[in-house]
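Here are some notes for a first look at this structure. Keep the viewer open and follow the points in order.

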Amino acid sequence: MTNHMDNETHSVENVQNNRPVEPNYKEVMFYERKPAGFWVRFWAYLIDLLLIASVTSILIKPIFLLIGLETSSNTWYAPYAIISAVVFYAYFVLMTKFFEQTVGKMILGLRVVSLKEEKLSWGTLLFREWIGRFISATIWPLYWIVGFTKLKQGIHDFVADTTVIHEETYRKRILFEKKRSEGSELQEAETF
């Protein structure tokens with residue numbers, strides 16, 4: 001009877017000694033840029049609107065007044081409204097293409113980044129700044145979804161696969177990665 005108990009105790013000790021000391025997964029910690037939320041993007045947009053209104057009032061409106069053309073017409077197809085819209089969209093497209101940020105974003109330390117490309121392409125920019133911005137400006141509640149998505153994306157960001165990030169703010173992320181075994185290359189290291 002005692003012999004049987006000794007064998008059982010001995011086999012339990014062997015199992016405990018043969019167990020791997022380290023877990024199968026390791027923590028991988030890294031830092032990523034923090035997405036910009038609704039309110040900081042809203043204030044950057046207001047700064048940009050003030051800048052655009054100033055430019056159109058200082059440069060374009062006097063030319064229309066000198067020529068004698070109407071500037072206070074409420075119709076969307078009035079020459080002043082068309083030129084103001086061209087300045088509006090050209091500002092956002094060109095500033096984002098060449099600087100990856102507008103003046104409002106520069107002041108608040110924000111930058112537009114692509115989620116799929118290294119640099120922002122013209123196609124991405126036209127979708128984001130022209131078509132997407134038109135949708136967001138036309139239907140205001142669609143812009144509010146920025147506050148509720150994981151990467152703080154608006155409709156125009158979803159359309160173009162972009163997001164707006166803080167330039168100097170990072171957040172810590174921890175992922176668990178499966179460890180590779182020493183003797184075999186049959187296992188894959190996957191992150192989840």
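## Notes for a first look

1. Starting at the N terminus, the elements of the chain follow the order α-β-α-α-α-β-α-α-α-β. That gives 7 helices and 3 strands. Bear in mind that this is a predicted model.

2. Some overall numbers for the chain: it has 192 residues, and 28% of them count as buried. Take the contacts with a separation of 6 or more: 67% of these are between residues 24 or more positions apart.

3. A good place to begin is helix 2, residues 38–67, together with helix 3, residues 79–99. Their axes come within 10 Å and cross at roughly 140°. An angle over 145 degrees would count as roughly antiparallel, and helix 2 and helix 3 are therefore oblique to each other. The crossing of helix 2 past helix 3 is right-handed.

4. Which residues of helix 2 and helix 3 meet? On the helix 2 side they are Tyr45, Asp48, Leu49, Leu51, Ile52, Thr56, Ser57, Ile60, Lys61 and Phe64. On the helix 3 side they are Pro79, Tyr80, Ile83, Ser84, Val87, Phe88, Tyr91 and Phe92.

5. Ser57, from that list, deserves a closer look. Ser57 sits in helix 2 and counts as partly exposed, because its relative accessibility is 38%, between the limits of 20% and 50%. If you set aside neighbours within four places in sequence, Ser57 is in contact with Pro62 and Tyr80. The side chain of Ser57 also reaches back to Ala53, with 2.9 Å to the backbone oxygen of that residue. As for Ser84, it is 27 residues away from Ser57 in sequence, while the C-alpha to C-alpha distance is 9.5 Å.

6. Now the aromatic rings. How many aromatic pairs are there? The count comes to 11. One of them is Trp39 with Phe42, an edge-to-face pair with 5.7 Å centre to centre and 85° between the planes. Trp39 and Phe42 are both in helix 2, 3 residues apart, or about one turn of the helix. Are these two buried or exposed? Trp39 is exposed, since its relative accessible area is 55%, whereas Phe42 is buried at 18%.

7. Another pair to pick out is Tyr91 with Phe92: the ring centres are 5.2 Å apart and the planes are at 80°, so this pair is edge-to-face. Tyr91 has a relative accessible area of 13% and is therefore buried. Phe92 is buried too, with 0% relative accessibility. Both residues are also on the helix 3 side of the meeting with helix 2.

8. Back to Trp39 and Phe42 for a moment. Ring pairs link these two with Phe38, Trp43 and Tyr143 into a cluster. It's worth displaying the five side chains together.

9. Helix 3 has a second partner to check: helix 5, residues 122–138. The axes of helix 3 and helix 5 come within 10 Å and cross at roughly 145°, and helix 3 passes helix 5 in a right-handed crossing. From helix 3, the contact uses Phe88, Tyr89, Phe92, Val93, Leu94, Thr96, Lys97 and Phe98. From helix 5, it uses Trp122, Leu125, Leu126, Glu129, Trp130, Arg133 and Phe134. Phe88 and Phe92 take part here and also in the meeting with helix 2.

10. Thr96 is a helix 3 residue and is buried, because its relative accessible area is 0%. Beyond residues up to four places away in sequence, Thr96 touches Gln101, Thr102, Val112, Leu120, Leu125 and Glu129.

11. Finally, take a look at some backbone angles. Most residues other than glycine have a negative phi. Lys152 has a positive one, near 55°. Where is Lys152? This residue is in the loop between helix 6 (140–143) and helix 7 (155–160), and at 25% relative accessibility it counts as partly exposed.

12. Asp161 likewise has a positive phi, about 55°, although it is not a glycine. Asp161 belongs to the loop between helix 7 and strand 3 (162–178). Its relative accessible area is 29%, so Asp161 is partly exposed.

Note on methods: Residues numbered from 1 in each chain as written. Predicted model: local features only at pLDDT ≥ 70, side-chain atom pairs only at ≥ 80, totals over all residues. Heavy atoms only, no water. Helix = DSSP H or I, 4+ residues; strand = E, 2+ residues; numbered from the N terminus. Buried < 20%, exposed > 50% of the residue type's maximum accessible area, 1.4 Å probe, protein only. Contact = heavy atoms within 4.5 Å. Polar contact = N/O pair within 3.5 Å; in protein donor to acceptor, adjacent residues only side chain to side chain. Phe/Tyr/Trp six-rings, centres within 6.5 Å; stacked < 30°, edge-to-face > 60°. Axes fitted to C-alpha atoms, helices over the stretch in contact; angles between N-to-C directions. Parallel < 35°, antiparallel > 145°, perpendicular 65-115°, else oblique. Left-handed = near helix turned anticlockwise from the far one by under 90°.
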